[in-house]
Amino acid sequence: MAGFHQRRSHIKMSRCCAVAVLVLVLAGGWRPCGADVGDFAPCLQFFYKSWPPKGLSGTPICQHYENQYRYATLYSRPRRSPWFSGYLYAVPAGKRPTASWKFEPQLAYPGADGNMIPFPPGPLDQNVVESQAVEPDYINSTFSRGHLNPSLHHHSREDRYATFTLTNVVPQKAGSNDGPWELLEQNVNNALEAYCLGEAYIVTGIIPYQSDDRWLKNHRVALPEYMWSAYCCSRFNSSLPEELKDAFPTFAAVGRNDRNSTEEIVPVDQTAKKQFRGYDVRRMPLETLELYLKERFNTVVNVFYEQCSGSN
């Protein structure tokens, strides 16, 4: 009986691939049917020298929207949240798009189409609920949906819309998301737009709590204690202002997501506005970030190939 069901599943997937190939051929393009979950091979272009960060384990997702790869994410199934997202920076255009939250169908059904899908109205498919975060996880919680890959760092409408998937967000306190972390994203945008002459590769991720994991209200989605971000721009304008001389070719930062965390990694500015106090962001060299990641993950973590040496 199991073999019968497997044959039916295989026939169904083969028919799906055949239809998809026919449609793409008629449209003048073609993409082989295959998994967008489980392997970074189809989307290595979003990493410097086609080299994803090393040292962290999880489920690779090549984020696929409207039949194109948009960026890459390393996802934690047990935590139902990402470890990091890697993407290519582009000068933004237009207003921030209205959120239309999506999910990754291949986390629930490996044979599904690779395009991320908006959450439908009504009851949720149980396989989707079990495989990843869903909108009710965040509703009536004390956390916002914090993008790792923000829409601000993209130019096209499609690339910006593609950032609104729950596989690209983590529970983030509003005091961070609407304050120091938002300012960091704007400062990175300003620096790269003004001085990066080649490709800029950005990786943004999280640091978990040291001992016991902490969770959203329903114990389904794990909370990060810190968020981190780093970029690599190996070809840049050498006429940098003084405040950016240490921001090229690499830049890194860590932000607090718990105002009660200790201050060893990121100190607290006691003069900050009350709603943002305790959610500070600290700039640091890439090497320092990697040391903190090594300490927390108990393994060597390398964000960029040879720490972003060489030319694009």
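**Exercise 1. The largest pocket**

Which element gives the most to the lining of the largest pocket? Work it out on this predicted model, then describe the lining.

*Solution.*
Step 1. Start with the volume. The largest pocket holds about 290 Å³.
Step 2. Find its centre. The lining has 14 residues, and the closest to the centre are Arg96, Ser151, Leu152, Glu182 and Glu185.
Step 3. Look for elements that supply two or more lining residues. These are strand S6 (144-147) and helix H7 (180-195).
Step 4. Pick the top contributor. H7 gives the most, with four residues.
Step 5. Sort the lining by class. Six residues are charged, five are polar and three are nonpolar.

**Exercise 2. Disulfide Cys43–Cys62**

Assign the handedness of the disulfide between Cys43 and Cys62, and place both cysteines in the chain.

*Solution.*
Step 1. Check the bond. The sulfur atoms of Cys43 and Cys62 are 2.1 Å apart, and a disulfide requires them within 2.5 Å.
Step 2. Read the torsion. It is about -75 degrees around the S-S bond of Cys43 and Cys62, so this disulfide is left-handed.
Step 3. Locate the ends. Cys43 sits in the loop between helix H1 (2-26) and strand S1 (59-65), while Cys62 belongs to S1 itself; the two are 19 residues apart and link distant parts of the chain.
Step 4. Test burial. Cys43 and Cys62 are both buried.

**Exercise 3. The other disulfides and the overall pattern**

Describe the links Cys196–Cys233 and Cys232–Cys308, then give the pattern of disulfides along the chain.

*Solution.*
Step 1. Take Cys196 and Cys233. Their sulfur atoms lie 2.1 Å apart. The angle about the S-S bond is 105 degrees, and the link is right-handed.
Step 2. Place this pair. Cys196 is in the loop between H7 and strand S8 (201-207), and Cys233 is in the loop between strand S9 (226-232) and strand S10 (250-256), 37 residues apart.
Step 3. Apply the burial cut-off, which is under 20% relative accessible area. Cys196 has 13%, so Cys196 is buried. Cys233 has 0%, so Cys233 is buried too.
Step 4. Turn to Cys232 and Cys308. The S to S distance is 2.0 Å. At 80 degrees about the S-S bond, this link is right-handed.
Step 5. Place that pair. Cys232 is in strand S9 and Cys308 in the segment after helix H8 (286-297), with their positions 76 residues apart. Cys232 and Cys308 are both buried.
Step 6. Assemble the pattern. The structure holds three disulfides. Counting bonded cysteines along the chain gives 1-2, 3-5, 4-6.

**Exercise 4. Aromatic pairs and charges over rings**

Are the rings of Phe40 and Phe47 stacked or edge-to-face? Treat Tyr48 and Tyr201 likewise, then find lysines over rings.

*Solution.*
Step 1. Survey the structure. A search finds 11 aromatic pairs.
Step 2. Take Phe40 and Phe47. Their ring centres are 5.2 Å apart and their planes meet at 65 degrees, so the pair is edge-to-face. Phe40 is buried at 9% relative accessibility, and Phe47 at 2%.
Step 3. Take Tyr48 and Tyr201. Their centres are 5.8 Å apart and their planes at 65 degrees, so this pair is edge-to-face. Tyr48 lies in the loop between H1 and S1, Tyr201 in strand S8, 153 residues apart.
Step 4. Find a cluster. Tyr231, Phe236, Phe248 and Phe251 form one.
Step 5. Check the lysines. Lys102 lies over the face of Tyr65, 5.3 Å from the ring centre. The charged end of Lys173 sits over Phe143, 4.4 Å from the centre of its ring.

Technical notes:
Residues numbered from 1 in each chain as written. Predicted model: local features only at pLDDT ≥ 70, side-chain atom pairs only at ≥ 80, totals over all residues. Heavy atoms only, no water. 1 Å grid on protein atoms, 1.4 Å probe; cavity = no way out; pocket = protein on both sides within 12 Å on 5 of 7 lines; lining within 4 Å. Points joined across faces, edges and corners; volume = space filled by probe spheres on them. Nonpolar A, V, L, I, M, F, W, Y, C, P; charged D, E, K, R; others polar. Buried < 20%, exposed > 50% of the residue type's maximum accessible area, 1.4 Å probe, protein only. Phe/Tyr/Trp six-rings, centres within 6.5 Å; stacked < 30°, edge-to-face > 60°. Lys NZ or Arg CZ within 6 Å of the ring centre and 35° of its normal.
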